[in-house]
Amino acid sequence: MLRHFDFEPTAGQMVVLRHLSAFLLSQKDHPTYLLKGYAGTGKTTLVSMLVDTLPEIGLRFVLLAPTGRAAKVLNQYSGKAASTIHRKIYQRATMADGSVRVQRMVNKHKKTVFIVDEASMISDSGSDSQFGSSASLLDDLMDYVFEGEQCRLLLIGDQAQLPPVGLETSPALDFNFLKAAYPITTASFELQDVMRQSLDSGILSNATSLRNRLNQNLFDFPVFDLEHFQDVIAVAPENFEELLQTAFGSRDFNEAVIICRSNKRANRFNQEVRYRILGRDSELAAGDLLMVVKNNYFWLEATEQGGFIANGDLAVINRINQYEDLYDLHFADVEISLVDYPDSPAFTVKIMLDTLMAEGPSLSEKDFQDFVGRVEEDYLDITSRRQRWAEMKKNPYFNALQVKFAYALTCHKTQGGQWPKVFVDGGFLAMKEQADRNDFRWLYTAFTRATQSLFLVNFPDETYVSAEK
């Protein structure tokens, strides 16, 4: 492994190399290694080294991440193909009654190391299962990996980042939880020393300050140092529109994102970008960037992208075919392309326009149940509720994609992704007398989405070590 390092490993990386050697050679049951590390500590360097080494010792590997955007980042820094967890371990199946279910596949791999990046995003809640299984995503991942012959699991993540929605901690990064919940042989290490070449980055320097405050339970300001760096900029109001024009005017969907604390704020920024920067005043337009906010198993064939469109997938509208109003909701038939799967062909779907500006992450539970009731009225001639429900599931309106504009997103929706330019809206801090752990964890996660430039928008002056702009 050392032969694949381009520079002298840190002391922490040397510990990980010794651990990885034992992990790869272990003859114990279900070997699992938990590699944690903060931003800039060298996790990506270790993964790149590992995938170059494994073929030399007769082991195969599979690279996985929780979202398409995270898999794309993993592919870029490792130079190897990466997939989402759900597209690797699940498949769509049609039942005898015509209904569609998503089932875990059988693992036929042998002597394979499954390397899972951004593991902090993986939930252990069965109620949060996105893929039709009663088990959680973490349960299904564990079962899938160790069903294979002599397979191993490497979980990688940053525990300072946001945990899955609704949880206080990230179960896939919790050594004690993993050891108690699964029949695995596990070891763990956390990289803490920021690599020397990362210290020149204002993004990583300020993220490290946030992480240090988290570790010390100190949540007061000022925190942010802008004086010594050029890649972190406090945005003056008079310069904001010009910066947005530079970031979004080229219509390169991989160039920039705005990160907000709430869907309500994201809606506002999305409308401003569409109107002021892209010149779009219609409800929807060709070229618009959308994010799917609920899994959908209807529009793709079983052989295409695993047979489903996942929550978090980014899509661009190529063409709008028609608008329709039905069931007291608004719909459009559109042709879309999935941004993070550029080799996949475009396809036509029906989308629900009502979610575009909804203040929640998707259609509210009440509105969805009302919608279900209105659809069901069209099928009341079918006396069996089970058969009626099976027919309803074939209704294209019932299966319309729920989407939101994706120029501005909440932090959870950006997690796992990276963009050259990231705008972070800190206006929520002005509404609080005292910041807390969740605020600092949110800020840390948002800051570490940026690779080149981090723009701080609406942050109170007292958050800066120097308030000069």
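Leaving aside neighbours within four places in sequence, which residues is R69 in contact with? Keep that question open while the whole chain is on screen; the model is predicted.

**Whole chain**

Select the protein chain and show it as a cartoon. The secondary structure comes to 13 helices and 18 strands. The radius of gyration is 23 Å, close to the 23 Å that the globule rule gives for 469 residues, so the chain is as compact as a globular protein of that length. Aligned along the principal axes, the C-alpha atoms fill a box of roughly 70 × 60 × 40 Å.

Colour by accessibility next: of the 469 residues, 56% count as buried. The accessible surface comes to about 21,000 Å², and carbon and sulfur atoms account for 47% of that. In a contact map restricted to residues at least 6 apart in sequence, 71% of the contacts join residues at least 24 apart. Colouring by charge picks out 48 positive and 61 negative side chains, with the centres of the two sets 6 Å apart.

**Helix α3**

Select residues 68–78, which form helix α3. Of its 11 residues, 8 are buried, so α3 is largely enclosed by the rest of the structure. The buried positions are G68, R69, A70, A71, K72, V73, L74 and S78. To see what covers them, add α2 (43–53), β2 (60–65), β3 (82–84), β12 (314–326) and β17 (419–425), which are among the covering elements. Just after the helix, select G79, where phi is positive at about 75°.

**R69**

Now show R69 as sticks. R69 is buried, with a relative accessible area of 8%. The answer to the opening question is F253, N254, L314, V339, D340, G416, G417, Q418 and W419. Select D340 from that set: its side chain makes a polar contact with the side chain of R69, at 3.0 Å.

**W389**

Move to residues 385–392, helix α11, and pick out W389 within it. Is W389 buried or partly exposed? W389 is partly exposed, with a relative accessible area of 30%. Not counting residues up to four places away in sequence, W389 touches V372 and F398; show both as sticks. To finish, draw a distance from the C-alpha atom of W389 to that of L35: the two residues are 354 apart along the chain, and the separation is 45 Å.

Conventions. Residues are numbered from 1 along each chain as its sequence is written. This is a predicted model: local features need pLDDT of at least 70, side-chain atom pairs count only at pLDDT 80 or more; totals for chains, interfaces and linings use all residues. Side-chain values use heavy atoms; hydrogens and water are left out. Helices (H or I, at least four residues) and strands (E, at least two) are DSSP runs, numbered from the N terminus. The radius of gyration is taken over C-alpha atoms; the globule rule is 2.2 Å times the number of residues to the power 0.38. Buried means under 20% relative accessible area, exposed over 50%, partly exposed in between (1.4 Å probe, protein chains only). Contact means heavy atoms within 4.5 Å. Accessible areas come from the Shrake-Rupley method with a 1.4 Å probe; for residues, only the protein chains shown count as cover. Lys and Arg count as positive and Asp and Glu as negative; His and the chain ends are not counted. The place of a charge is taken as NZ of Lys, CZ of Arg, CG of Asp or CD of Glu. A polar contact is a pair of N or O atoms within 3.5 Å; within protein, one must be able to donate a hydrogen and the other to accept it, and residues adjacent in sequence count only if both atoms are side-chain atoms.
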